[in-house]
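Good morning, and thank you for coming. I would like to take the group through one structure, beginning with the chain as a whole and ending with a single residue.

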Amino acid sequence: MNLEVLFEDNHCLAVNKPAGLLSQGDASGEPSLVDLAASYLKTRYAKPGNVYVGLLHRLDRPASGVMLLAKTSKAAGRLSSQFRTGAIAKLYWVIVEGMPSEQEGEWVDMLEKDTRQNRSGVVLEKSSSSKEARVAFRVLERWGPFTKLELRPRTGRSHQLRVQLAGRGLPICGDGKYGARCRLNALDGHFRIALHARRLTFTHPTRQVVISVDAPVPPDWPELLRGWPEAGYDSNKRGGESSR
């Protein structure tokens, strides 16, 4: 699998993660984005030993889009601080089943994670284990029962966008884990969901300039499927479980 590089300099590497690819390796031993990035850097710069790849954030396996990696420990520390403080702006495109009652606005929820089942859910009351989740939304387009939204999360919780949408009866297309009826497949055959990290804006860790990186949607993005929105969907079958 080739790595789609969107931006690169001595400190930063921004890439377009395909749906179906792990962000980071796990017990399955399957290839991950970090593995691909390390292989790319070793090959391009003829590095004889190990190369540094700093994972700063993650995208769920069934999602696609821009991810920012650090090529130096200095960059990793400074960029990680930006992620922690919310200084990095993220913009997502998503296609959901159903349509929101408003054209734009902000959703605020308290989320709680079930680590045993790798799921998150909306809770009504704040507790020691719950965290606030905020996301601004705007309707971009509609096709019958489907709606394309632009999302700008203000926080970064586990499965945040998937849970906040599903909690409003707007599950992401392909996301059987959170109640979607339709099914989508990534290019590698794994399940994918119609969630794409379209843009990431950050301050460069050494040059102190603001950089925005846009990720084009991949060929398996629903709008690009022939015969959309009917192609690839079976309204009588619930989508596969996207476990990550």
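I shall describe the fold, then the surface and charges, and lastly one histidine.

Please bear in mind throughout that this is a predicted model. The chain contains three helices and eleven strands. Following the sequence, these elements come in the order β-β-α-β-β-α-β-β-β-β-β-α-β-β. The radius of gyration is 18 Å, close to the 18 Å that the globule rule gives for 244 residues, so the chain is as compact as a globular protein of that length. The C-alpha trace spans about 55 × 40 × 35 Å along its principal axes.

How are the contacts distributed along the sequence? Of those between residues at least 6 apart in sequence, 64% join residues at least 24 apart.

Turning to the surface, 49% of the 244 residues are buried. The chain exposes about 12,100 Å², and 47% of that area is supplied by carbon and sulfur atoms. As for charge, there are 36 positive and 26 negative side chains. The centres of these two sets lie 5 Å apart.

Finally, I come to His-159. This residue sits in the loop between strand 9, residues 146-153, and helix 3, residues 160-166. Is His-159 buried or exposed? Its relative accessible area is 6%, and since buried means under 20%, His-159 counts as buried. What does its side chain contact? The side chain of His-159 is joined to that of Tyr-178 by a polar contact of 2.7 Å. His-159 is thus a loop residue with a buried position and a polar partner in Tyr-178.

Thank you for your attention.

Notes. Residues numbered from 1 in each chain as written. Predicted model: local features only at pLDDT ≥ 70, side-chain atom pairs only at ≥ 80, totals over all residues. Heavy atoms only, no water. Helix = DSSP H or I, 4+ residues; strand = E, 2+ residues; numbered from the N terminus. Buried < 20%, exposed > 50% of the residue type's maximum accessible area, 1.4 Å probe, protein only. Polar contact = N/O pair within 3.5 Å; in protein donor to acceptor, adjacent residues only side chain to side chain. Rg over C-alpha atoms; globule rule 2.2 N^0.38 Å. Contact = heavy atoms within 4.5 Å. Areas by Shrake-Rupley, 256 points an atom, 1.4 Å probe, with all protein chains shown as cover. Lys, Arg positive; Asp, Glu negative; His and termini not counted. Charge placed at Lys NZ, Arg CZ, Asp CG, Glu CD.
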